Amino acid sequence: MNIRHRFELDLQKQNTNSNNELRLNVCANYVPSLIDSRSNVALVEVTLPSGYVVDHNPISEQTTENPIQNIRILYGGTSVILYYNSMGSERNCFTVSAYKRFKVALKSPAYVVVYDYYETIRSAIEVYEVDKQYVCEICEEEDCPAECKK
């Protein structure tokens, strides 16, 4: 699912050497109009799939043209918010790294959203999924439902 209104947002999962690491490259930019060439303060919120958390320094490979002003890690490391003074048509890219801490079956999709802090209708959202795991793949013998024991 992709929704865009005055922002563009692109996500790409990067290959890693570990099944327990998620590296997500995020790029966002503002779509200028005749009235304004830049957004107000812009936030990029990265939510992580169930079972994944970030460490204390989750951002790497960021573009330097429009630097990130602040980074907040919320909800026990399951969400990261990046603050920009504004965004224009330049691509603002970074990579966020997260690590699988818990095995979770039937994960819901996660999302990344970029929006204008003062005019939140100006936004874009992109939904993504990572490895799918099923109950029978992660349960312990005594905790597994009957259909796993066949």
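Residues 39-128 carry the UniProt annotation "domain: Alpha-macroglobulin receptor-binding", which comes from an unreviewed entry. What you're looking at is a predicted model, and over residues 39-128 the chain is 0% helix and 48% strand. The end C-alpha atoms of that stretch sit 25 Å apart.

**Overall build**

- The protein chain has one helix and 11 strands.
- Going along the sequence, the order is β-β-β-β-β-β-β-β-β-β-β-α, with the helix at the end.
- The C-alpha trace spans about 65 × 30 × 25 Å along its principal axes.
- Of the chain's 150 residues, 44% count as buried.
- Take the contacts with a separation of 6 or more: 70% of them come from residues 24 or more positions apart.
- The chain exposes about 8,800 Å², and carbon and sulfur atoms supply 47% of that area.

**Aromatic pairs**

- Searching the whole structure turns up two aromatic pairs.
- Phe7 and Tyr30 make an edge-to-face pair, with 5.2 Å centre to centre and 70 degrees between the planes.
- Phe7 belongs to strand β2 (residues 7-14) and Tyr30 to strand β3 (residues 21-30), so this pair ties together parts that are 23 residues apart in sequence.
- Both Phe7 and Tyr30 are buried.
- Then there's Tyr117 with Tyr118: their ring centres are 5.0 Å apart and their planes are at 90 degrees, so this pair is edge-to-face too.
- Tyr117 is partly exposed, at a relative accessible area of 47%, while Tyr118 counts as exposed because its value of 58% is over the 50% cut-off.

**A buried serine**

- Ser79 is found in strand β8, which covers residues 79-84.
- With a relative accessible area of just 2%, Ser79 is buried; the cut-off for that label is under 20%.
- Leaving aside residues up to four places away in sequence, Ser79 touches Glu45, Val46, Thr47, Arg72, Ile73 and Leu74.

**A nonpolar patch on the surface**

- Leu106, Tyr134 and Val135 together make a nonpolar surface patch of about 310 Å².
- Tyr134 sits in the loop between β11 (123-128) and α1 (135-138).
- Tyr134 has a relative accessible area of 47%, so it is partly exposed; patch residues need over 30%.

Conventions: Residues numbered from 1 in each chain as written. Predicted model: local features only at pLDDT ≥ 70, side-chain atom pairs only at ≥ 80, totals over all residues. Heavy atoms only, no water. Patch = residues over 30% accessible without salt bridge, like charges linked within 9 Å, V, L, I, M, F, W, Y side chains within 5 Å. Areas by Shrake-Rupley, 256 points an atom, 1.4 Å probe, with all protein chains shown as cover. Salt bridge = Lys/Arg side-chain N within 4 Å of Asp/Glu carboxyl O. Helix = DSSP H or I, 4+ residues; strand = E, 2+ residues; numbered from the N terminus. Buried < 20%, exposed > 50% of the residue type's maximum accessible area, 1.4 Å probe, protein only. Contact = heavy atoms within 4.5 Å. UniProt positions renumbered as here; feature names shortened; annotations may be inferred. Phe/Tyr/Trp six-rings, centres within 6.5 Å; stacked < 30°, edge-to-face > 60°.
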